[in-house]
Amino acid sequence: MKRLDGRYALVTGGSTGIGRAIAIRFAQEGANVAINYHSSGEEAELTREEVETACSTIREYGCEEMVVQANVAREDDVQAMFARVLDAWGRIDILVNNAGIQKAAPTEDMSVSDYDKVLAVNLRGSFLCAREAIRHFLARGQGGVIINDSSVHQIIPKPTFTPYAVSKAGMGNLTRTLALEYAGRGIRVNAVGPGAIATPMNKAWVEDPEKKAEVESHIPIGRAGTPEEIAAVFAFLASDDASYITGQTVYACGGLTLYPDFRTAWSSPD
Ligand code: NAP
């Protein structure tokens, strides 16, 4: 018996990177998976290829898959996405709020539209999807699981990425607040806080050996994480192995949250 046998999961931003790895890992654990993505038009070509390979892997594991295009920042899109999945499957047991974006600029130059866009996808999107999932979980009366893809920047500041850091900090209290509000009604809400993971979001350093070495020099474990290492934490939190865990953020970050600058005793020199 696999840990997620017969469960139905919806993974937002599941076309690539961490979300794609979560979709595949969930299927490996026995879950049927609906993959959400956003891009449309010409830019979606690559996305479609990646989604199609993820779908065929899910089918190879003997699970069902479906693909739902939606912008999680839009209430109407999110409601239509849930309606489509529920029409097809009649149930969702696990929601993964993974869709996320970032925009970089010194804060004095950050535009309001970029600030709002990051907050809209990362934080409002997570709220909108969580709300639809909770409505369904309550109506069905069999509980459910929500897992938010947060970041080490839930607690570590990130200069020049202000909206991203603000969105992930907000995700921390979204997780805790929903966990407390629904703990008595069979709904568990947790988060995962990845560190530096080799995904398309980080292609600026992933594809440049020098920049990658610089990134990795800051990580106590000495290397970037893989999407699969993060997906394993999601699978644990989604499963009954985590049945007594709610309101927590599990940092999977190679030690980044351990104040790496304190590796040497610089603050108390001889
Ligand atoms: P990624 O490779 O850039 O993938 C982002 C995913 O989000 C894509 O599937 C994308 O779909 C989707 N997306 C973007 N905007 C969307 C929208 N408005 N509606 C629906 N889907 C949307 O990123 P990643 O590195 O895997 O990151 C995934 C999550 O992990 C994010 O929340 C990120 O903050 C978090 N995280 C990542 C790292 C890291 O080092 N990579 C570290 C900590 C936390 P399209 O391709 O269709 O646009």
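This is a short talk on a predicted model of a protein with a bound ligand.

Let me start with the ligand. How many residues surround the ligand? The count is 32, and the closest are Ser15, Ser39, Asn71, Tyr164 and Thr199. Which elements each supply at least two residues of that shell? Helix 1, residues 17-28, is one of them. Strand 2, residues 32-37, is another. Helix 5, residues 162-182, also does so.

Now the polar atoms around the ligand. Take Gly195. A backbone N or O atom of Gly195 sits 3.2 Å from an oxygen atom of the ligand. Ile197 also uses its backbone: a polar atom there is 2.8 Å from a ligand oxygen. Asn202 uses its side chain. A polar atom of that side chain lies 2.8 Å from an oxygen atom of the ligand. How much of the ligand does the protein bury? Taken alone, the ligand exposes 900 Å², and the protein buries 91% of that.

On to charges. Side chains of opposite charge can pair when their charged atoms come close. A search of the whole structure gives 17 salt bridges. I will show you three of them.

Begin with Arg3 and Asp241. Their closest N and O atoms are 3.1 Å apart. Where do the two partners sit? Arg3 is in the segment before strand 1 (8-11), and Asp241 is in the loop between helix 8 (227-238) and strand 7. The pair therefore ties together parts that are 238 residues apart in sequence. Arg3 is partly exposed, at 28% relative accessible area. Asp241 is exposed, at 51%.

Next, Glu29 and Arg25. These side chains meet in a salt bridge at 2.9 Å, N to O. Is Glu29 buried or exposed? Glu29 counts as buried, because its relative accessibility is 10%. Arg25 counts as partly exposed, at 23%.

Those two pairs belong together. Arg3, Arg25, Glu29 and Asp241 are linked in a network of salt bridges.

Then Glu52 and Arg59. Here the N to O distance is 3.1 Å. Glu52 has a relative accessible area of 42%, so it is partly exposed. Arg59 is at 41%, so it is partly exposed too.

One more arginine, looked at for its position. Arg84 lies in helix 3, residues 75-89. Arg84 is partly exposed, with 45% relative accessible area. Val67 is 17 residues away from Arg84 along the chain, and their C-alpha atoms are separated by 9.8 Å.

Cysteines next. A disulfide is a covalent bond between the sulfur atoms of two cysteines. How many disulfides does the model have? The count is 0, with a cut-off of 2.5 Å between sulfur atoms. Look at Cys63. The closest cysteine sulfur to that of Cys63 belongs to Cys55, and it is 12 Å away, so the two are too far apart for a bond. Cys63 is buried, at 9% relative accessibility. Cys253 is buried as well, with a relative accessible area of 9%.

Now the segment after strand 7. Strand 7 covers residues 249-252, and Tyr259 is found in the segment that follows. Leu256 has its place in the segment after strand 7 too. Are they buried or exposed? Tyr259 counts as exposed, because its relative accessibility is 64%. Leu256 is buried, because its relative accessible area is 17% and the limit for buried is under 20%. Leu256 also has a partner from elsewhere in the sequence. His218 is 38 residues from Leu256 in sequence, and the two are 7.7 Å apart in space, C-alpha to C-alpha.

What does Tyr259 form with Phe262 and Trp266? The three make a nonpolar patch on the surface. Together they have about 420 Å² of accessible area.

Last stop, Ser150. Ser150 is found in the loop between strand 5, residues 144-149, and helix 5. With 3% relative accessible area, Ser150 is buried. Which side chain does Ser150 contact? A polar contact of 2.7 Å joins the side chain of Ser150 to that of Gln154.

To recap. The protein buries 91% of the ligand's area. The salt bridges number 17, and the disulfides number 0. Tyr259, Phe262 and Trp266 form the nonpolar surface patch.

Conventions. Residues numbered from 1 in each chain as written. Predicted model: local features only at pLDDT ≥ 70, side-chain atom pairs only at ≥ 80, totals over all residues. Heavy atoms only, no water. Patch = residues over 30% accessible without salt bridge, like charges linked within 9 Å, V, L, I, M, F, W, Y side chains within 5 Å. Areas by Shrake-Rupley, 256 points an atom, 1.4 Å probe, with all protein chains shown as cover. Salt bridge = Lys/Arg side-chain N within 4 Å of Asp/Glu carboxyl O. Helix = DSSP H or I, 4+ residues; strand = E, 2+ residues; numbered from the N terminus. Buried < 20%, exposed > 50% of the residue type's maximum accessible area, 1.4 Å probe, protein only. Near = heavy atom within 4 Å. Polar contact = N/O pair within 3.5 Å; in protein donor to acceptor, adjacent residues only side chain to side chain.
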